[in-house]
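Pull up the model and have a look at how the chains meet. After that, we'll zoom in on a single residue.

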Amino acid sequence: MKNIYTLLILVALQVVVLKGHAQCKTDECVAKISSGYTFLKTYQMSQVGDQLEYSYVLSKDTNYMLVMCNGGGAQNNIIVTLYDSKRKEIATNQDKASGKVFPAIAYRCNATGIYYLRFSFIDKPECCVSVLAFKR
Amino acid sequence: MKRVNTLLIWPVALLAACTLFAGCSSESKTSDENLLVGSLDSSSKKYSKISDEAIGEIIKSIPSPLEISMLIKESGNPYDSKILNPENNYSKYNSNFKKALNLGIYGADLGYINIYDKSTDALSYLSSIKTLADELNVGQFYDFNTIKRLASNSNNIDSLLYITTTNFENINNFLYEQKRSDQCVLMLTGGWLEALHISCEVYKKGNKTEIKEKIAEQKIVLCQLMLLLDNYRQQPNIDFLYTELQKLKNVYDKIEIVTIYKEPTMKEVDGVLMIVDESESKINVTTEQINEIVKIIDELRSKLTA
């Protein structure tokens, strides 16, 4: 009997751990990249908090696509804002007038430099993955 | 990954370090042997230390060598296997320093080969990569059988690029999590150096303006990599690499990148928000400066792949 309780506790602990580190499937998100783009990078956000930020060196004369995915079907609860190297906001996937959230953005870069991608969440999805792709 | 409210510090640290680097006086040039001997007394040197989390962030910011290979192909340059590190060189690498660095170099070579869809060469390089990855105990992240199957059919080029990119991404993540960031940084440095070497070789042949600009733009990535490498200079081999890269940086310091900012334009196309950056960047670089970079890269790569 004691062993059963121990087992139950271990299973419960594992569930908690797995929930805390839930990961969205990258493959499903990569499949949403538009044709012609080449996959570059994954941003796997297993612990979705208030905001998360990454940086990447984007190159001049290159088109980038960033696709946002969560565990479920809807993808309109992840907001990404792109900043340039001087922390000036370039764009966001949320239309400020209508509030509409786009699940993907395509960005034509004309100035090579370090850019920042800041992710924020509506209703905090269980997990979030974003994939970056490029084409010339 | 980081939480913005607690970790806004690292970009400031990065900026400060880059400023510090920009202000560095050029180090005196000694022989390689002296550099290695001198670096053994690392306790007397002061190296910048940045947090593990900041290292992880900078690692993620380093661009993929694939972008340069794609530019080279789309600029109309033919495939040239002679500019790559010969696939049988892997047996020469018997230190972890050389293994990690050349794993990155081979990774960039494989990306170049895949972009040009040369499956026979891809299979040869895959074998060398698998050996080095196994020797560094990261071979478990390399799905050799799947890659081999994909490489045997030219219709699978997108899948092949995806699998190889994610395999390298997984290796980097694993090394970082295992507190082996030094090896991760060496892999990234190797990949970057090889992409720059390929660009320099293409430049030597065609002298194309687009390639010249791409070489000059690497100033930004070099700054990031040196910031990372500076953290591990207590290791003689990394100190040697850093010192060699400093020679490169001395040339890059003379290159000016000016950006003129303009508001971007946006429109919705098929459910995707399309953003066009209206900013422009102008690069002030001379042919002499590019020639100097080509020469330094040529010498450095010969030492690292030997």
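What follows is a short walk from the interface to one buried spot.

Keep in mind that this is a predicted model, so local features need pLDDT of at least 70, side-chain atom pairs count only at pLDDT 80 or more, and totals for chains, interfaces and linings use all residues. Residues are numbered from 1 along each chain as its sequence is written, while chains are lettered from A and ligands numbered from 1 in the order in which they are written.

Start with the interface. Chain A puts 39 residues into the contact and chain B puts in 38 residues, where contact means C-beta atoms, placed from the backbone, within 7 Å. On the chain A side, β1 (38-45), β2 (51-58), β5 (89-92), β6 (104-109) and β7 (113-121) each chip in at least two residues; strands here are DSSP runs of E, at least two residues, and helices are runs of H or I, at least four, both numbered from the N terminus. The largest share of that side, 7 residues, belongs to β2(A).

Now follow β6(A) across the boundary. It pairs with β3 (residues 272-276) of chain B, in the parallel sense and over 4 bridges; pairing takes at least two DSSP bridges between the strands. In β3(B), Leu273(B) sits opposite Ile105(A).

Finally, find Asp109(B) in helix α5 (residues 96-115) of chain B. Is Asp109(B) buried or exposed? Asp109(B) is buried, because 29 other C-beta atoms lie within 10 Å, and the cut-off for buried is 20 or more (exposed is 12 or fewer, partly exposed in between, with C-beta atoms placed from the backbone). Beyond its neighbours within four places in sequence, Asp109(B) contacts Leu84(B), Asn85(B), Tyr125(B) and Glu194(B).

Terms used
Two residues are in contact if their C-beta atoms, placed from the backbone, lie within 7 Å.
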